[in-house]
Amino acid sequence: MNGELSYYHDRYGLEADAVLHLKDGRYALLEFKLGDKQIDDGAEHLCKIEKLIKEFNKKENQCKLRLPDLKIIITGSQYGYKREDDVFVIPISCLKD
């Protein structure tokens with residue numbers, strides 16, 4: 001996979017189930033949700049994290065943080081799609097060989 005997986009939790013209580021860090025600096029925020037009803041909550045968390053990074057970057061002049069390259073929800077649902085908030089919903093069945 002040429003990258004690392006970690007967990008994210010901050011002082012504001014925001015969390016992402018996983019962060020996929022690639023060696024070239026790109027990263028994706030991931031949430032794992034079992035059903036369709038939890039997708040909105042997961043997307044809201046991921047978008048809040050991205051919003052905090054944007055707010056930080058407005059104040060920071062020297063060392064801005066990179067925005068996530070992808071926001072992904074892995075779910076047990078049947079269909080994959082891209083939401084209007086740029087969060088990708090990917091069925092876990094799509095990740096198998």
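In the predicted model, Glu50 and Lys71 form a salt bridge, with 2.9 Å between the closest N and O atoms. Glu50 belongs to helix 1 and Lys71 to strand 4, so this pair ties together parts that lie 21 residues apart in sequence. Glu50 and Lys71 are both buried. The search of the whole structure returned 8 salt bridges.

A further salt bridge joins the side chains of Asp40 and Arg83, at an N to O distance of 2.7 Å. Asp40 is located in helix 1, whereas Arg83 is in the loop between strand 5 (81-82) and strand 6; the pair therefore ties together parts separated by 43 residues in sequence. Asp40 and Arg83 also take part, with Asp85, in a network of salt bridges. Within helix 1, Lys48 and Glu44 make a salt bridge whose closest N and O atoms are 3.3 Å apart. These two residues are 4 positions apart in the helix and are thus separated by about one helical turn. Lys48 is partly exposed, at 39% relative accessibility, and Glu44 is likewise classed as partly exposed, at 42%.

The strands of the model, 6 in number, form an open sheet of mixed pairing, in the order 1-2-3-4-6-5. Strand 1 and strand 5 are at the edges and have a single partner strand each, so one side of each lacks a neighbour in the sheet. Helix 1 lies across strand 1, strand 2, strand 3, strand 4, strand 5 and strand 6, and runs at about 160° to strand 4.

At one edge of the sheet, strand 1 (residues 3-9) runs antiparallel to strand 2, to which it is joined by 6 bridges. Gly3 has Leu22 of strand 2 as its bridge partner. The hairpin made by strand 1 and strand 2 has 5 residues between the strands, and Gly13 in this hairpin adopts a positive phi near 85°. Strand 2 also pairs with strand 3, in the antiparallel sense and over 4 bridges. In this pairing Ala18 is opposite Leu30 of strand 3. Strand 2 and strand 3 form a hairpin as well, with 4 residues between them, and Gly25 in its turn has a positive phi of about 100°. At the other edge, strand 5 is paired with strand 6 in the antiparallel sense through 2 bridges, and Lys82 has Phe88 of strand 6 as its bridge partner.

The largest nonpolar core comprises 13 residues, and those with the most contacts inside it are Ala16, Tyr27, Leu29, Leu46, Ile49, Ile73 and Val87. Two or more residues of this core come from each of strand 2 (15-22), strand 3 (27-33), helix 1 (39-59) and strand 6 (87-91). Helix 1 gives the largest share, 5 residues. Apart from residues up to four places away in sequence, Leu29 touches Ala16, Ala18, Val19, Leu46, Ile49, Pro68, Leu70, Lys71 and Ile72. A second core, separate from this one, has 5 residues, including Ala18, Ala28, Leu30 and Ile74. In a regular strand, side chains alternate between the two faces of the sheet.

Two polar residues in the strands were examined individually. Glu31 is situated in strand 3 and is buried, because its relative accessible area of 0% falls under the 20% limit. When residues up to four places away in sequence are not counted, Glu31 touches Glu15, Ala16, Asp17, Gly42, His45, Leu46, Ile72, Ile73 and Ile74. A polar atom of the Glu31 side chain lies 3.3 Å from the backbone nitrogen of Asp17. The C-alpha atom of Glu31 is 12 Å from that of His9, a residue 22 positions away along the chain.

Thr75 is part of strand 4 (residues 70-75) and is also buried, with a relative accessible area of 2%. A polar atom of its side chain is 3.4 Å from the backbone nitrogen of Ser77. With neighbours within four places in sequence left aside, Thr75 contacts Lys33, Leu34, Gly35, Ile39, Val89, Ile90, Pro91 and Ile92.

Methods:
Residues are numbered from 1 along each chain as its sequence is written. This is a predicted model: local features need pLDDT of at least 70, side-chain atom pairs count only at pLDDT 80 or more; totals for chains, interfaces and linings use all residues. Side-chain values use heavy atoms; hydrogens and water are left out. A nonpolar core is a set of buried Ala, Val, Leu, Ile, Met, Phe, Trp, Tyr and Cys residues joined through side-chain atoms within 4.5 Å. Buried means under 20% relative accessible area, exposed over 50%, partly exposed in between (1.4 Å probe, protein chains only). Contact means heavy atoms within 4.5 Å. A polar contact is a pair of N or O atoms within 3.5 Å; within protein, one must be able to donate a hydrogen and the other to accept it, and residues adjacent in sequence count only if both atoms are side-chain atoms. Two strands pair if DSSP finds at least two bridges between them. A salt bridge is a side-chain nitrogen of Lys or Arg within 4 Å of a carboxyl oxygen of Asp or Glu. Axes are lines fitted to C-alpha atoms, for helices over the stretch in contact, and angles run from 0 to 180 degrees between N-to-C directions.
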